[in-house]
Amino acid sequence: NWPALLMWVLLYTVLTALVYALISQGWIGILISLILFLIATVLVYFSLPIILIERLTFLQALKRSITLFRTNWKKIIAENVILILIGVVLSLTIIFPLVFFVFLVPTLIPFLVSLLLLFLVPIFSSAGLILDTALYFHAVKGKVPPPFAVQKINENKTVTKPKKSRFNSG
């Protein structure tokens, strides 16, 4: 469903660029960017899993995302608060030893901050996407997603023999 995915990326990119552009415009810009961010969150929160799993068009996915968001907003807020709290605890756990070390070697500040961001951003991004997908599953099916089972994946694999070619002897 490439057209829907491209529209989603375009919308998300434009809204994100607008939010960042407005933040630098003072208090009114921050307020407008906050409102725009909330609107963008409601629009696209479930739309990506909907496009990928339900194979809906872009506009259908946005409408379905809004509907699911309305019925699950409390869970969405709880999930994001939990992610923020985990992030704060992990950041403080990592930052306090780094700050102590930085006082010993102050020239390492940019390197250590970059290293911290290099590891934390992908971890929290992945955790957020996993929780968003689990929340989507719960919103659609009304139950908690089943645990990841490697055995089930291996049962569903189909093994095909490669065709003979002049490059392999089997």
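User: How much space lies in the second largest pocket?

Analyst: About 150 Å³. Keep in mind that this is a predicted model.

User: Which residues line the second largest pocket?

Analyst: You'll find I53, I130, T133, A134, Y136, F137, V140, K141 and P145 there. Helix α5 gives the most to this lining, with 7 residues.

User: How do the residues of that lining divide by class?

Analyst: They split into 7 nonpolar, 1 polar and 1 charged. T133 is in the lining, and Thr counts as polar because it is on neither the nonpolar nor the charged list. K141 also lines the pocket, and Lys counts as charged.

User: What about the largest pocket, what volume does it have?

Analyst: Its volume is about 1,000 Å³. Of the 28 residues that line it, Y12, F37, Y45, N80 and D132 are the closest to its centre. Rolling a probe the size of a water molecule over the atoms shows where empty space is left.

User: Which elements supply at least two residues each to the lining of the largest pocket?

Analyst: That would be α1 (2-23), α2 (26-44), α3, α4 (58-104) and α5 (109-141). The largest share, 8 residues, comes from α4. By class, the lining has 20 nonpolar, 6 polar and 2 charged residues.

User: Why is S47 called buried?

Analyst: S47 has a relative accessible area of 1%. Buried means under 20%, so S47 fits the label. As for where S47 sits, look in helix α3, residues 47-54.

User: And L6, why is L6 called exposed?

Analyst: Its relative accessibility is 56%. The cut-off for exposed is over 50%, so L6 counts as exposed. L6 is found in helix α1.

User: What makes the link between the side chains of S47 and W8 a polar contact?

Analyst: The distance is 2.8 Å. A polar contact needs a pair of N or O atoms within 3.5 Å, where one can donate a hydrogen and the other can accept it. The value falls within that limit, so the pair passes on distance. Besides W8, S47 touches A61, L62 and S65, leaving out residues up to four places away in sequence.

User: Which residues touch the most other members of the largest nonpolar core?

Analyst: Of its 17 residues, those are Y45, F46, I50, I51, F58, L68 and I76. The elements giving two or more residues to this core are α1, α3, α4 and α5. Helix α4 gives the most to the core, with 6 residues. In soluble globular proteins, nonpolar side chains tend to be buried together.

User: Which residues is I76 in contact with, leaving aside neighbours within four places in sequence?

Analyst: I76 is in contact with Y45, F46, F69 and L135. Contact means heavy atoms within 4.5 Å, so each of these four has a heavy atom within that distance of one in I76.

User: How far apart are L6 and F58 in sequence and in space?

Analyst: They are 52 residues apart in sequence and 9.0 Å apart in space, going from C-alpha to C-alpha. Across the protein, residues 24 or more positions apart account for 55% of the contacts with a separation of 6 or more.

User: Stepping back, how many helices and strands does the protein have?

Analyst: It has 6 helices and 0 strands. Of its 170 residues, 22% count as buried.

How values were computed. Residues numbered from 1 in each chain as written. Predicted model: local features only at pLDDT ≥ 70, side-chain atom pairs only at ≥ 80, totals over all residues. Heavy atoms only, no water. Helix = DSSP H or I, 4+ residues; strand = E, 2+ residues; numbered from the N terminus. Buried < 20%, exposed > 50% of the residue type's maximum accessible area, 1.4 Å probe, protein only. 1 Å grid on protein atoms, 1.4 Å probe; cavity = no way out; pocket = protein on both sides within 12 Å on 5 of 7 lines; lining within 4 Å. Points joined across faces, edges and corners; volume = space filled by probe spheres on them. Core = buried A, V, L, I, M, F, W, Y, C linked by side-chain atoms within 4.5 Å.
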